[in-house]
Amino acid sequence: MHRWAVLLGFALAVIAIGGATWVYGYRQALDSLAERSVADLALASDRVSTQLQIYQELAVLMADHPALEQLDGPARRGAAQHLLRGVADKTAALDVLYADADGRVLASAAGVLGEDIAAEGYFRRALQGALGTGAAVLADNGQRAYFYAAPNFSPDGGISGVLVVVADVEDVEQTWRGSLPTVFFTKATGEVFISNRPELLFWQQTGSAWGAAGTGETGGVLRDGSSLSYRVSRTGEHEIWHLSERPYLPRRALHLTVVLPVIGLTGQILVDVASAWRLATLQALALAALCLAFGTFLFLALERRRTLAEANAVLESRVETRTRALQATNSQLRREVSEREDAEAALKKAQEELVQAGKLSALGQMSAGISHELNQPLMAIQQYAENGDAFLRRGQVDRVGENLTRIAGMSARMARIIKNLRAFSRNENEPMARVDLVQVINTAVELTASRLETDEVALSWQPPDGSEPIYVWGGEVRLTQVFVNLINNSADAMLDQKTRSIGITLEAGDRLSVAVRDIGPGIKEPEKMFDPFYSTKVVSSSEGMGLGLSISYGLVQSFGGNIHGKNMERGAVFTVELERWNDGGAT
């Protein structure tokens with residue numbers, strides 16, 4: 001019973017933590033979404049204001065045009081009407097008209113407002129000497145229009161007339177329709193007048209004011225006769241609308257508003273919060289899963305401990321039975337032997353993989369130089385081939401042969417480099433045998449030559465006199481890796497100094513001895529130099545993990561040889577001692 005109570009308490013705690021995480025993640029996601037939405041709403045508002053401002057400037061500029069003065073005769077009115085019609089055609093305005101101070105239309109481009117505008121608010125505003133604005137739906141064709149009315153001042157300071165520009169709202173909103181989340185602009189009455197979602201046009205809210213948060217549901221009728229209702233809730237500082245299901249509109253949306261007094265409209269945006277909801281849910285589920293995993297592990301550990309305690313009690317009650325105790329001990333020993341054998345096999349495999357990793361690490365350090373070494377012959381081959389083609393067209397056959405000979409030499413050089421790389425990178429599992437030590441050192445020198453040239457390191461290596469090979473007991477690839485590691489370590493030690501040189505000497509006595517010497521700062525802690533992961537380089541740097549000398553030490557020991565290092569008067573020297581090979585094997 002106690003166990004089930006603990007499990008129930010843990011489950012409730014996980015639910016509480018997951019819920020708190022969801023709330024926190026949801027609010028954080030809403031904050032980020034709100035920042036982007038404010039920018040989107042500002043962009044849409046700027047588009048509308050900027051496009052309408054064109055017509056505002058047109059009204060101000062055209063109000064005092066000389067052609068609109070003294071329209072008391074048919075000829076003057078005809079000229080004014082011709083002027084206004086041309087302006088409307090060029091600016092895509094629905095109409096451009098001029099009315100006298102009594103509101104009578106004296107000249108117009110299209111005549112969409114009739115012959116008298118005295119009762120219009122924008123006209124009365126212009127009569128007061130200010131710029132009049134308004135928004136309405138034209139009665140004759142149902143088009144949405146926005147009005148700018150600019151006064152024309154007479155010389156005595158009075159108002160002699162008013163120029164009205166009628167802008168086509170549908171033409172204004174076409175450039176951004178559908179390019180953003182749901183955006184709409186409402187008049188003071190709450191009616192949607194401009195929107196990038198046509199289904200929202202003329203939506204008139206019935207109920208509480210726009211943006212009022214509450215628990216009740218409110219809405220309005222759409223232009224197609226259907227209703228659109230929504231419920232407002234708050235999450236932190238954010239207002240969330242829960243809309244009835246409609247195509248192209250989110251079910252749950254973040255609602256933001258901005259007042260645009262310049263055009264007398266209020267901009268509003270509805271942004272789907274589904275992404276924030278999903279993100280918060282994923283965060284909560286991830287944390288809950290982590291808590292459940294930890295709880296499960298803890299529960300299993302406690303259960304195991306309890307089980308072991310019960311088993312121990314049973315064993316203590318039977319301790320007097322010596323035979324059974326010996327059998328249990330014997331069984332335990334067999335398991336330990338098996339585990340030790342498995343551990344030994346795993347260790348051996350790990351050592352093999354570590355050796356291969358060391359080789360690949362060395363190859364990674366030398367990759368840039370090797371690419372350079374291969375690129376030079378390739379470019380030379382291309383040049384010789386082009387020259388040979390030119391000589392062939394000229395009939396200079398002897399010069400063509402020279403170029404072909406050079407191409408063959410370059411190809412042989414590339415083949416030798418690739419052969420060395422292929423042999424060095426393979427995972428050698430063959431038994432130890434006779435190995436030409438001079439050839440091994442030559443291969444190591446060739447593999448590191450590009451890196452040494454890049455780092456301006458001088459290498460001194462002179463094989464012993466005589467044409468007979470010097471054979472040792474070992475593996476060719478693994479022995480090559482030893483000398484590559486030693487050369488690279490010596491080069492790394494001298495990176496911070498201007499003069500860099502490495503010397504390799506071979507002494508052929510009873511035991512073959514190869515010394516790799518540098519003029520670097522020496523070995524800082526000689527007693528630790530063969531320890532795994534010991535390195536004087538910066539931790540996590542690209543130079544390695546301190547495994548090169550440890551791997552080399554293990555490889556040389558596996559060949560029956562020995563490796564040791566010491567500091568000299570200047571620099572350090574590493575000496576590799578190997579068993580000489582004769583017809584009977586190692587000596």
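## Strand β16 and its partner

Let's start with β16, residues 471–474, because its two faces part ways: Val472 and Gly474 sit on the covered face, while Tyr471 and Trp473 are on the uncovered one. This is a predicted model, so keep that in mind throughout. Strand β14 (residues 433–436) runs antiparallel to β16, and four bridges join the two. Within that pairing, Arg434 has Trp473 of β16 as its bridge partner.

## The mixed sheet

Further along there's an open sheet of five strands with mixed pairing, in the order β15-β17-β18-β20-β19. Its edges are β15 (458–461) and β19 (562–567), each of which pairs on one side only. On average, neighbouring strands of this sheet are turned by 15° against each other, ignoring direction.

At the β19 edge, the partner is β20 (residues 572–578): six bridges hold the pair in the antiparallel sense. One residue pair to look for here is Ile563 with Val576 in β20, which are bridge partners.

## What lies across that sheet

Helix α8 (residues 437–454) lies across β15, β17 (501–508), β18 (512–518) and β20. Relative to β15, the helix runs at about 170°. The loop between α8 and β15 holds Glu456, a non-glycine residue with a positive phi of about 60°. With a relative accessible area of 62%, Glu456 is exposed.

Helix α9 (residues 476–493) is home to Ser490. Is Ser490 buried or exposed? Ser490 counts as buried, since its relative accessibility is 2% and the cut-off for buried is under 20%. Setting aside neighbours within four places in sequence, Ser490 is in contact with Ile502, Val516 and Asp518.

## The antiparallel sheet

A further open sheet also has five strands, this time with antiparallel pairing, in the order β2-β1-β5-β4-β3. The edge strands are β2 (105–108) and β3 (132–137), and each pairs on one side only. From one strand to the next, the twist averages 25°.

Three bridges join β1 to β2, and the two run antiparallel. Across that pairing, Leu97 stands opposite Ser108 in β2. Helix α2 lies across β1, β2 and β5 (159–168), and runs at about 50° to β2.

Just past that helix, have a look at Ala92, in the loop between α2 (74–91) and β1 (95–100). Ala92 is not a glycine, yet has a positive phi of about 65°. How exposed is it, then? Ala92 is partly exposed, with a relative accessible area of 39%.

## Two nonpolar cores

Which residues have the most contacts inside the largest nonpolar core? They are Leu52, Leu84, Val96, Leu163, Phe185 and Ile263, in a core of 50 residues. Helix α1 (residues 2–62) gives the most to this core, contributing 13 residues. Nonpolar side chains tend to be buried together in soluble globular proteins.

Leu52 is a handy place to zoom in: leaving out residues up to four places away in sequence, Leu52 touches Tyr146, Tyr148, Ala167, Val172 and Ile263. There's also a second, separate core of 41 residues, and among its members are Leu452, Ile470, Met494 and Phe574.

## The chain as a whole

Stepping back, the protein chain has 10 helices and 22 strands. It is 587 residues long, and 38% of those residues count as buried. The chain exposes about 32900 Å², with carbon and sulfur atoms supplying 55% of that area. Of the contacts with a separation of 6 or more, 57% are between residues 24 or more positions apart.

## How far to trust it

The average pLDDT over the protein chain is 79, and 80% of the residues score at least 70. Two stretches deserve a closer look. Over residues 207–215 the pLDDT stays under 50, and the model has 19 contacts there beyond four places in sequence. Over residues 538–545 the pLDDT is also below 50, and that stretch has five contacts beyond near neighbours in sequence. Where pLDDT is low, the predicted coordinates should not be read in detail.

Terms used. Residues are numbered from 1 along each chain as its sequence is written. Side-chain values use heavy atoms; hydrogens and water are left out. Buried means under 20% relative accessible area, exposed over 50%, partly exposed in between (1.4 Å probe, protein chains only). Contact means heavy atoms within 4.5 Å. pLDDT is the predictor's confidence in each residue, from 0 to 100. A nonpolar core is a set of buried Ala, Val, Leu, Ile, Met, Phe, Trp, Tyr and Cys residues joined through side-chain atoms within 4.5 Å. Two strands pair if DSSP finds at least two bridges between them. Axes are lines fitted to C-alpha atoms, for helices over the stretch in contact, and angles run from 0 to 180 degrees between N-to-C directions. Accessible areas come from the Shrake-Rupley method with a 1.4 Å probe; for residues, only the protein chains shown count as cover.
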